[in-house]
Amino acid sequence: MAADKNLWPGSAAVLVLKLLEERDMYGYEMIETLARRSDHTFDLKAGTLYPILHGLEREGALTSCERRADTDRTRKYYHLTEKGKRLLEEKQREWTVYAEAVNRILRGGVSYGAV
């Protein structure tokens with residue numbers, strides 16, 4: 001069963017920030033990594049990713065710079081700033097609260113650890 005694409009906008013920023021917490025990446029690399037790690041649940045297009053990246057960059061959560069790759073091609077790499085790290089922590093906490101609340105409802109109001 002495929003995931004509902006309407007759920008993507010609420011999680012997009014946190015997933016991008018999490019990837020960049022590991023290392024600087026360029027856009028296509030992020031697209032490929034998200035697809036691979038999610039078993040292709042997140043098979044997104046550049047037209048979906050780049051507005052997210054540009055918005056995070058405007059907020060100061062990311063910076064970007066161009067680097068020449070081994071293939072002599074120039075790529076734009078994105079880097080997580082200190083503000084971006086704080087935003088990631090905040091978004092992860094928000095996601096945890098949200099996911100736990102949804103799961104409680106799906107379990108009929110039963111919390112984890114309840115018998």
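Me: What makes β2 and β3 count as paired strands?

Reply: This is a predicted model, by the way. Strand β2 (residues 62–68) and β3 share seven bridges, in the antiparallel sense. The rule asks for at least two bridges, so seven bridges make β2 and β3 a pair. One example of who faces whom: E66 stands opposite K76 in β3. The two strands form a hairpin with five residues between them, and D72 in the turn has a positive phi of about 70°.

Me: How do you know that β1 pairs with β3, and in which sense?

Reply: β1 covers residues 25–26 and β3 covers residues 74–80, and they pair over two bridges in the antiparallel sense. The cut-off is at least two bridges, so the two bridges between β1 and β3 meet it. Within β3, Y77 is the bridge partner of Y26.

Me: Why are β1 and β2 called edge strands?

Reply: The open sheet has three strands in the order β1-β3-β2, with antiparallel pairing. β1 and β2 each pair on one side only, and that makes them the edges.

Me: What makes Y26 and Y77 an edge-to-face pair?

Reply: Their ring centres are 5.3 Å apart and the planes meet at 75°. Pairing needs centres within 6.5 Å, and planes over 60 degrees apart count as edge-to-face, so Y26 and Y77 pass on both counts. Y26 belongs to strand β1 and Y77 to strand β3, so this pair ties together parts that are 51 residues apart in sequence. Both Y26 and Y77 are buried.

Me: Why is the pair of W95 and Y98 called tilted?

Reply: The angle between the W95 and Y98 planes is 40°, with 5.6 Å centre to centre. Under 30 degrees would be stacked and over 60 edge-to-face, with the rest tilted, so 40° makes this pair tilted. Both sit in helix α4 (residues 82–106), and being three residues apart, they are separated by about one helical turn.

Me: How do you know whether W95 and Y98 are buried, exposed or partly exposed?

Reply: W95 has 42% relative accessibility and Y98 has a relative accessible area of 48%. Buried is under 20% and exposed is over 50%, so W95 and Y98 both count as partly exposed.

Me: What makes R67 and R75 neighbours of aromatic rings?

Reply: R67 lies over the face of Y77, 4.5 Å from the ring centre. R75 lies over the face of Y26, at 4.2 Å from the ring centre. The distance limit is within 6 Å, so R67 and R75 both satisfy it.

Me: Why is E29 called buried or exposed?

Reply: E29, which has its place in helix α2 (residues 27–37), has a relative accessible area of 17%. Buried means under 20%, so E29 is buried. Leaving aside residues up to four places away in sequence, E29 touches R23, D24 and Y77.

Me: How do you know that the span of α3 agrees with its number of residues?

Reply: At 1.5 Å a residue, the 13 residues of α3 (residues 46–58) should span 18 Å, and the end C-alpha atoms are 18 Å apart, so it agrees.

Me: What puts the buried residues of α3 on the same side?

Reply: The buried ones are L49, I52, L53, G55 and L56. They cover an arc of only 165° around the axis, which puts them on the same side of α3. On the face turned away from that buried side, α3 carries the exposed residues G47 and R58. After α3 comes G60, with a positive phi near 90°.

Terms used: Residues numbered from 1 in each chain as written. Predicted model: local features only at pLDDT ≥ 70, side-chain atom pairs only at ≥ 80, totals over all residues. Heavy atoms only, no water. Helix = DSSP H or I, 4+ residues; strand = E, 2+ residues; numbered from the N terminus. Expected span 1.5 Å × (residues − 1). Buried < 20%, exposed > 50% of the residue type's maximum accessible area, 1.4 Å probe, protein only. Arc of directions from axis to C-beta. Phe/Tyr/Trp six-rings, centres within 6.5 Å; stacked < 30°, edge-to-face > 60°. Lys NZ or Arg CZ within 6 Å of the ring centre and 35° of its normal. Contact = heavy atoms within 4.5 Å.
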